[in-house]
Amino acid sequence: MTGYSQILLDIEEGIATLTLNRPEKMNAFTGTMMQEVIDAFDRTDADDAVRVVIVTGAGDRAFCAGADLTPDGKGGPFSSDEQVTDLSDPRVRDSGGLLTLRLYRSKKPIIAAVNGAAVGVGVTMQLPMDIRLASKTARFGLVFARRGIVPEAASSWFLPRIVGLPQALEWTMTGRVFDAEEALRGGLVRSLHEPGELLDAARGLAREIADNTSAVSVAMTRAMLWRNAAADHPMAAHRVDSRAIYTLSRGSDAQEGVASFLEKRAPRYPGRVSSDMPAFYPWWDEPDWE
């Protein structure tokens, strides 16, 4: 696909690969990159041919080295330069958070293939992605306290849910850069791979999802796990589980799932995320900025 200046989007055989594409600046994050990634996810959500999205960085040095500290044009690297008196003004909104909230709403599973340095927003943008694989040469840093700011991109919500509160506190309060082995031990990444094998590993995992599962089931499962895990009582999950099982069990994908199992063949699920999600989806109210 064309029309982007700071990312690439390639779709092949049900897998979309989104590449952060500023290798000369170690794929540093900008407002333009944010807008382009959001647009790309609008496209992948709308395209029933896309089953999984892989996100990686161009080149062999970086996934994303954080916010561009020397951005082209006007504006600071962390927030708007415009002075406001009301902190509910939309200009206050953090660009990293605008991105991660969009990834959180994705109807397609997201796999991060972390091919090099991931610092600041280069880490926090990964947190709403569902599975993170890393190169053995990758390095990570939640360096905000060493830049005089705080963790952004809603990472104070995402990070403790992924790695636990003690690990999240240590990494964010020290602000140190740590290697891929520590990221694996801390639960930030699922597995480590040789640099030349990373994308193949991510594609293999994406292929497993695309070839064997119902797109509607996966979209529902993703939404249920991200949202129900934060509910204040398991009854909230029970309500959604029950309605989803009741509805989907009467659908064509459930019939195909049983038939393909009994006939010992690969499934051919007819359901489409664009048209066949349960009538009660979404079951939550999306909060407004205020």
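Helix α8, residues 215–228, gives the most to the lining of the largest cavity, supplying four residues. Keep in mind as you explore that this is a predicted model. The cavity holds about 50 Å³ of space, and the residues around it are Tyr104, Arg105, Ser106, Ala219, Arg222, Ala223, Arg227, Tyr281 and Trp284. If you sort that lining by class, you get five nonpolar residues, one polar and three charged.

How many cavities of 30 Å³ or more does a search of the whole structure find? There are two. Rolling a probe the size of a water molecule over the atoms shows where empty space is left. The second largest cavity contains about 30 Å³ of space. Select Arg51, Lys107, Lys108, Pro109, Ala215, Val218, Ala219 and Val273 in your viewer and you will have its lining. Here the residues divide into five nonpolar and three charged, with no polar ones. Ala219 is a handy landmark for moving between these two spaces: it appears in the lining of the largest cavity and also in that of the second largest.

Now let's turn from cavities to a pocket. The second largest pocket has a volume of about 410 Å³. Its lining is made up of 19 residues, and the closest to the pocket's centre are Arg93, Gly97, Leu101, Pro287 and Trp289. Which helix provides the largest share of this lining? That is α2, with five residues. Both α2, spanning 95–104, and α4, spanning 155–163, contribute at least two residues each. In terms of class, the pocket lining comprises nine nonpolar, three polar and seven charged residues.

Following α4 away from the pocket brings us to its partner α5, which covers residues 165–174. The axes of these two helices come within 7 Å and cross at roughly 125°. Are they parallel or oblique to each other? An angle of 65 to 115 degrees would count as roughly perpendicular and one over 145 as roughly antiparallel, so α4 and α5 are oblique to each other. Their crossing is right-handed.

To see what joins them, look at the side of α4 carrying Leu159, Pro160 and Val163. These residues meet Leu165, Gln167, Ala168, Trp171 and Thr172 in α5. The contact of α4 with α5 consists of six nonpolar and two polar residues, with no charged ones. Set that beside the lining of the second largest pocket, where seven residues are charged, and you have two settings in which to view α4: the wall of a pocket and a contact with α5.

Note on methods
Residues numbered from 1 in each chain as written. Predicted model: local features only at pLDDT ≥ 70, side-chain atom pairs only at ≥ 80, totals over all residues. Heavy atoms only, no water. 1 Å grid on protein atoms, 1.4 Å probe; cavity = no way out; pocket = protein on both sides within 12 Å on 5 of 7 lines; lining within 4 Å. Points joined across faces, edges and corners; volume = space filled by probe spheres on them. Nonpolar A, V, L, I, M, F, W, Y, C, P; charged D, E, K, R; others polar. Axes fitted to C-alpha atoms, helices over the stretch in contact; angles between N-to-C directions. Parallel < 35°, antiparallel > 145°, perpendicular 65-115°, else oblique. Left-handed = near helix turned anticlockwise from the far one by under 90°. Contact = heavy atoms within 4.5 Å.
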